[in-house]
Amino acid sequence: MMRTSLSNSMYMKNDQTFHPDTTMRGDAMSHQPMMEQSMSAPQAEEPAVSQFPEMQSMAQGAVAQQEIGSRECPYCGAIMDEDADFCETCHRYIRKDVCSFCGTLVASDEAYCPECGSPRGGVVCPMCHTINDFSFCKQCGTPLTDDARMLVATLQKNPDYQELMLLSNELMELDKCVPVTTAEDKARENYNEQLRERLFSLLKKDGENIVPDNSRSRSTMSAEELLKKKSDRMNLLSQLLDKFAIKATQSPAIARNYAMASKPQGVQLAWVCNYKHAMHSSPCGCAKPQLGGKWIILGKGGTNQLKDDHDDK
């Protein structure tokens, strides 16, 4: 079994587009185009429909002309596009000749991908025990392959990604805060906070390493102030998520993996695909993620708008 990691990966700060070089094996394809060619700065011949609304009808017509035909899902019989690799009706990966984890061509009799070593039948997430056909867990987002973990490690060095994580963590902390209702509450909470800081400082001097429980801390902000701060942070987070939007590429595996690696944890998000402009819980539920898409922040009750992309495996 041969394993190859995503080497020579780089992240271009100018357009915030990650460019991994991925090698394809097989008689039919010896090299997969680099991400640098397919996910670089926007090109005239591949405009993003979501960025150019006036070209939406034209782009839809072009897609219709490019669709040579349709196929039936081998599992449920649903009609789907010829170049789709995932059935959005029965929620199963359908390609037998392409590794769902890295996009490498595989022979029909190979139980494991010769490139990344992933099994053809999927892997079980060690955190939530969900069966997955892709490199990241569709349920909890855990990276499941060596290449996925390397991709996350590469993104963690990017300043914008670091800011993305900080904002996500700050929003989680704000969600735990209980706003004050009166001026007396605010003054009392400020006094209590000073006492807590002094107490933990004294304990630390005595060698005690006690971590305070802030799972539900009372804020010194009013409800209006807390709401405004949350709104400001969410707007900043939304702007950063736009920087990590996926442009069109030739590989569904690359698109899925990069999108999942760039997803911040702890915030309710949805993946909006350029294929049908549908809202998925993740790109793992999109039939053609290679057309691009991006993460957006969901409001209260936003999960009701998500397209059902969970299977019963």
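These questions and answers deal with a predicted model of one protein.

Q: How many helices and strands does the protein have?
A: The protein has seven helices and 13 strands. Of its 313 residues, 41% count as buried.

Q: Why is K263 called buried?
A: Buried means under 20% relative accessible area. K263 has 19% relative accessibility, so K263 counts as buried. K263 lies in the loop between α7 and β11. Leaving aside neighbours within four places in sequence, K263 is in contact with M165, L269, S281 and W295.

Q: Why is H91 called buried?
A: The relative accessible area of H91 is 8%. The limit is under 20%, and therefore H91 is buried. H91 lies in the loop between β5 (86-87) and β6 (92-93). H91 is not a glycine, although it has a positive phi of about 65°.

Q: What makes H277 partly exposed?
A: Partly exposed is the class between buried, under 20%, and exposed, over 50%. H277 has 36% relative accessibility, so H277 counts as partly exposed. H277 is found in the loop between β11 and β12 (279-280). Its phi is positive, about 55°, and H277 is not a glycine.

Q: Why is α3 called oblique to α7?
A: The axes of α3 and α7 cross at roughly 50° and come within 9 Å. Angles under 35 degrees count as roughly parallel, and those from 65 to 115 as roughly perpendicular. An angle of roughly 50° fits neither range, nor is it over 145, so α3 is oblique to α7. The crossing of α3 and α7 is right-handed.

Q: Which residues make the contact of α3 with α7, and how do they divide by class?
A: From α3 come L151, V152 and L155, and from α7 come N257, Y258 and A261. The residues of this contact divide into five nonpolar, one polar and no charged. N257 is the polar one, because Asn is not among the residues that count as nonpolar or charged.

Q: What makes α4 roughly antiparallel to α6?
A: The axes of α4 and α6 come within 10 Å and cross at roughly 155°. Angles over 145 degrees count as roughly antiparallel, so α4 is roughly antiparallel to α6. α4 passes α6 in a left-handed crossing.

Q: How do the residues in the contact of α4 with α6 divide by class?
A: This contact has ten nonpolar, no polar and eight charged residues. Among them are L164, L167 and D160 of α4, and L237, M234 and K229 of α6. Asp and Lys count as charged, whereas Leu and Met count as nonpolar.

Q: Which residues have the most contacts inside the largest nonpolar core?
A: They are L164, L237, W271 and W295, in a core of 36 residues. The elements α3 (146-155), α4 (159-176), α6 (223-243), α7 (252-261) and β11 (269-273) each supply at least two residues of this core. A second, separate core of ten residues includes C102, C113, C125 and C137.

Q: Which residues does W271 touch, not counting those up to four places away in sequence?
A: W271 touches I246, A259, A278, M279, H280, S282, P283, C286, G292, G293, K294 and W295.

Q: What share of the contacts between residues at least 6 apart in sequence join residues at least 24 apart?
A: In the protein, 58% of those contacts do.

How values were computed. Residues are numbered from 1 along each chain as its sequence is written. This is a predicted model: local features need pLDDT of at least 70, side-chain atom pairs count only at pLDDT 80 or more; totals for chains, interfaces and linings use all residues. Side-chain values use heavy atoms; hydrogens and water are left out. A nonpolar core is a set of buried Ala, Val, Leu, Ile, Met, Phe, Trp, Tyr and Cys residues joined through side-chain atoms within 4.5 Å. Buried means under 20% relative accessible area, exposed over 50%, partly exposed in between (1.4 Å probe, protein chains only). Helices (H or I, at least four residues) and strands (E, at least two) are DSSP runs, numbered from the N terminus. Contact means heavy atoms within 4.5 Å. Axes are lines fitted to C-alpha atoms, for helices over the stretch in contact, and angles run from 0 to 180 degrees between N-to-C directions. A crossing is left-handed if the near helix is turned anticlockwise from the far one by less than a right angle, and right-handed if clockwise.
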